[in-house]
Amino acid sequence: MKNIDNRYKNKRWEHKRTAILKRDGYRCQECKRYGKNMSATTVHHINPVEDHPQLMYADDNLISLCGSCHDQMNGYVNIILTLLGMQWVVRVEENWR
């Protein structure tokens, strides 16, 4: 398995991350669903890059999240999507149809 951190240490990712945070108004998109106004600190891949490397830089596969929501999307140890993370996958796939 590739070292995941290396994927995020390049100018292309930094530009994409900044663009997604700006697109989302620097606000957590999960908190926003519940009327909360939390700052986003992380850009999350809805469909994991490990399973879908072609979606690494796809705008519609990326959302801005606060740290707490990002932790709720991924299993902390094994990087497997949680139920909440899978709900976002379903939402995105519905928009792709």
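# Exercises around an aromatic cluster

Tyr8, Trp13 and Tyr57 are joined into a cluster by ring pairs. The model you're looking at is a predicted one, so keep that in mind as you work through the exercises.

## Exercise 1: Get your bearings

Task: work out how many helices and strands the chain has, and in what pattern they follow along the sequence.

Solution. Start by counting: the chain has 5 helices and 2 strands. Next, read along the sequence, and you get α-α-α-β-β-α-α. Now look at burial: 41% of the chain's 97 residues count as buried. Last, take the contacts between residues at least 6 apart in sequence: 59% of them join residues at least 24 apart.

## Exercise 2: Walk along helix α2

Task: find which residues of α2 are buried, and which are exposed on the other side.

Solution. Step one is the helix itself. α2 covers residues 11-23, which is 13 residues. From first C-alpha to last it reaches 18 Å, close to the 18 Å expected at 1.5 Å a residue.

Step two is the buried set: Trp13, Lys16, Ile20 and Leu21. Looking down the axis of α2, you'd find these buried residues within an arc of 130°, so they line one face of the helix. Here's the general idea: an α-helix has 3.6 residues a turn, so residues three or four places apart point the same way.

Step three is the other side of α2, where Lys11, His15 and Lys22 are exposed.

Step four is the ends. At the N-terminal end, Asn10 acts as the cap, with a side-chain oxygen 3.1 Å from the backbone nitrogen of Arg12. After α2 comes Gly25, with a positive phi near 65°. Tyr26 also has a positive phi, about 60°, although Tyr26 isn't a glycine. You'll find Tyr26 in the loop between α2 and α3, and at 42% relative accessibility it counts as partly exposed.

## Exercise 3: Sort the ring pairs

Task: search the whole structure for aromatic pairs and decide whether the Tyr8–Trp13 pair is stacked, tilted or edge-to-face.

Solution. The search turns up 2 aromatic pairs. For Tyr8 and Trp13, the ring centres are 5.1 Å apart and the planes stand at 75°; planes over 60 degrees apart count as edge-to-face, so that's what this pair is. Tyr8 counts as partly exposed, at 24% relative accessibility, while Trp13 is buried at 4%.

Now for Trp13 and Tyr57. Their ring centres are 6.3 Å apart with planes at 55°, so this pair is tilted. Where do the two residues sit? Trp13 is in helix α2 and Tyr57 is in the loop between β1 (42-45) and β2 (62-65), so the pair ties together parts that are 44 residues apart in sequence. Both Trp13 and Tyr57 are buried.

One more look at Tyr57: Arg12 lies over the face of its ring, 3.7 Å from the ring centre. There's a charge over a ring elsewhere too, where the charged end of Arg91 sits 4.6 Å from the centre of the Trp88 ring.

## Exercise 4: Follow the side chain of Gln29

Task: find which backbone oxygens lie within reach of a polar atom of the Gln29 side chain, and say whether Gln29 is buried or exposed.

Solution. First, place the residue: Gln29 belongs to helix α3. Its relative accessible area is 13%, and since buried means under 20%, Gln29 is buried. Then check the oxygens. The backbone oxygen of Arg27 lies 2.8 Å from a polar atom of the side chain, and that of Asp24 lies 3.3 Å from one. Finally, leave out residues up to four places away in sequence: Gln29 touches Asp24, Ile63, Ser64, Leu65 and Trp88.

## Exercise 5: Two loop residues

Task: find what Thr41 contacts, leaving aside neighbours within four places in sequence, and what the side chain of Glu50 makes a polar contact with.

Solution. Thr41 is in the loop between α3 and β1 and is partly exposed at 46% relative accessibility. Its contacts are Arg17, Leu65, Cys66 and Gly67. Thr41 and Cys66 are 25 residues apart in sequence, yet their C-alphas are 5.2 Å apart. With Gly67, the backbone nitrogen lies 3.4 Å from a polar atom of the Thr41 side chain.

Glu50 lies in the loop between β1 and β2 and is partly exposed, at 30%. Its side chain makes a polar contact with the side chain of Arg7, at 3.5 Å.

Note on methods:
Residues are numbered from 1 along each chain as its sequence is written. This is a predicted model: local features need pLDDT of at least 70, side-chain atom pairs count only at pLDDT 80 or more; totals for chains, interfaces and linings use all residues. Side-chain values use heavy atoms; hydrogens and water are left out. Helices (H or I, at least four residues) and strands (E, at least two) are DSSP runs, numbered from the N terminus. The expected span of a helix is 1.5 Å times one less than its number of residues. Buried means under 20% relative accessible area, exposed over 50%, partly exposed in between (1.4 Å probe, protein chains only). The arc is that of the directions from the helix axis to the C-beta atoms. A polar contact is a pair of N or O atoms within 3.5 Å; within protein, one must be able to donate a hydrogen and the other to accept it, and residues adjacent in sequence count only if both atoms are side-chain atoms. Rings of Phe, Tyr and Trp (its six-membered ring) pair if their centres lie within 6.5 Å; planes under 30 degrees apart count as stacked, over 60 as edge-to-face and the rest as tilted. A charge sits over a ring if NZ of Lys or CZ of Arg is within 6 Å of the ring centre and within 35 degrees of the ring normal. Contact means heavy atoms within 4.5 Å.
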